[in-house]
Amino acid sequence: MAEEKPLLLTQEAYNQLKSELERRQGPIREEIIAKVAAARAEGDLSENGGYQAAREAQRKNQGRIDELTVKLRRAKILQAPPAGEVGNGSLVTLDVMGNEMQYVLGPRDLSVATHYEIISPESPIGAAILGTKQGDTVSYKAPNGRDIQVTVKESKPLPSEA
């Protein structure tokens, strides 16, 4: 079996995913079980739309439980680099072709703990800025083949209340 790649999360993102897992394994699961039982009591399951809907909700909930379980098992709490350095967990302000934009550099799963847009470090722009410092200008190749210049105007650790 291939080794699982760690999933880098902030402590806040980890806590939110763990909280969702607990809700899905507890109150949400119990509510769905009650709906399945109530629909089953109506009889003739083959034409019972309520039963079918409750079973579908049960499958979706279990799928999300399985997904969260894997993510939390792979989770590694990231330590953002200090201000001025760009790495996973950095809140960066970029100048992209004259437009100022603010992003968090890190995996998409950080979105549960922040209102900022996320740039994956595996994306062309994310790979270009990863490891740079405040004030650096780098370029990356856009999907259309153009070279795009990016200047890191500011970089700081993602605030915990983000």
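Which residue in β7 is the bridge partner of D95? Keep that in mind while you read these points on the model, which is a predicted one.

1. **Strand β3 and its partner β7.** The answer to the opening question is T151, the residue of β7 that bridges to D95. That bridge belongs to an antiparallel pairing of β3 with β7, which runs over seven bridges. Have a look, too, at how covered β3 is: six of its seven residues are buried.

2. **Strand β3 and its partner β4.** β3 also pairs with β4, again in the antiparallel sense, over six bridges. One place to find this pairing is L91, whose bridge partner in β4 is V104. Together β3 and β4 make a hairpin, with two residues between them.

3. **The turn at M97.** In the loop between β3 (90–96) and β4 (99–105) you will find M97. Its phi is near 55°, a positive value in a residue that is not glycine. Why pause here? Most residues other than glycine have a negative phi.

4. **The largest nonpolar core.** This core has 16 residues, and those with the most contacts inside it are L94, I125, I129, Y140 and V150. The elements giving two or more residues to this core are β3, β4, α3 (124–129), β6 (137–141) and β7 (147–157). There is also a second, separate core, with 15 residues that include A13, I65, L110 and L158.

5. **A closer look at L94.** Leaving out its neighbours within four places in sequence, L94 is in contact with a long list of residues, among them N99, M101, Y103, I119, I125, I129, V150 and V152. Try clicking on L94 and finding these partners one by one.

6. **The largest pocket.** Its volume is about 220 Å³. Residues lining this pocket include K5, P6, L7, L8, R74, N88 and P121. By class, the lining is made up of five nonpolar, two polar and four charged residues.

7. **P121, in the pocket lining.** Is P121 buried or exposed? With a relative accessibility of 18%, P121 counts as buried, because the cut-off for buried is under 20%. P121 sits in the loop between β5 (117–119) and α3. Not counting residues up to four places away in sequence, P121 touches N88, L105, G106, P107, G126, A127 and L130. P121 and V104 are 17 residues apart in sequence, and their C-alpha atoms are 9.8 Å apart in space. V104 is the residue you met in point 2 as the bridge partner of L91.

How values were computed. Residues are numbered from 1 along each chain as its sequence is written. This is a predicted model: local features need pLDDT of at least 70, side-chain atom pairs count only at pLDDT 80 or more; totals for chains, interfaces and linings use all residues. Side-chain values use heavy atoms; hydrogens and water are left out. Helices (H or I, at least four residues) and strands (E, at least two) are DSSP runs, numbered from the N terminus. A nonpolar core is a set of buried Ala, Val, Leu, Ile, Met, Phe, Trp, Tyr and Cys residues joined through side-chain atoms within 4.5 Å. Buried means under 20% relative accessible area, exposed over 50%, partly exposed in between (1.4 Å probe, protein chains only). Contact means heavy atoms within 4.5 Å. Two strands pair if DSSP finds at least two bridges between them. On a 1 Å grid over the protein atoms alone, a cavity is a set of points where a 1.4 Å probe fits but cannot get out, and a pocket is an open set with protein on both sides within 12 Å along at least five of seven lines; lining residues have an atom within 4 Å of a point. Grid points are joined across faces, edges and corners, and a volume is the space filled by probe spheres set on the points. Ala, Val, Leu, Ile, Met, Phe, Trp, Tyr, Cys and Pro count as nonpolar, Asp, Glu, Lys and Arg as charged, and the others, Gly among them, as polar.
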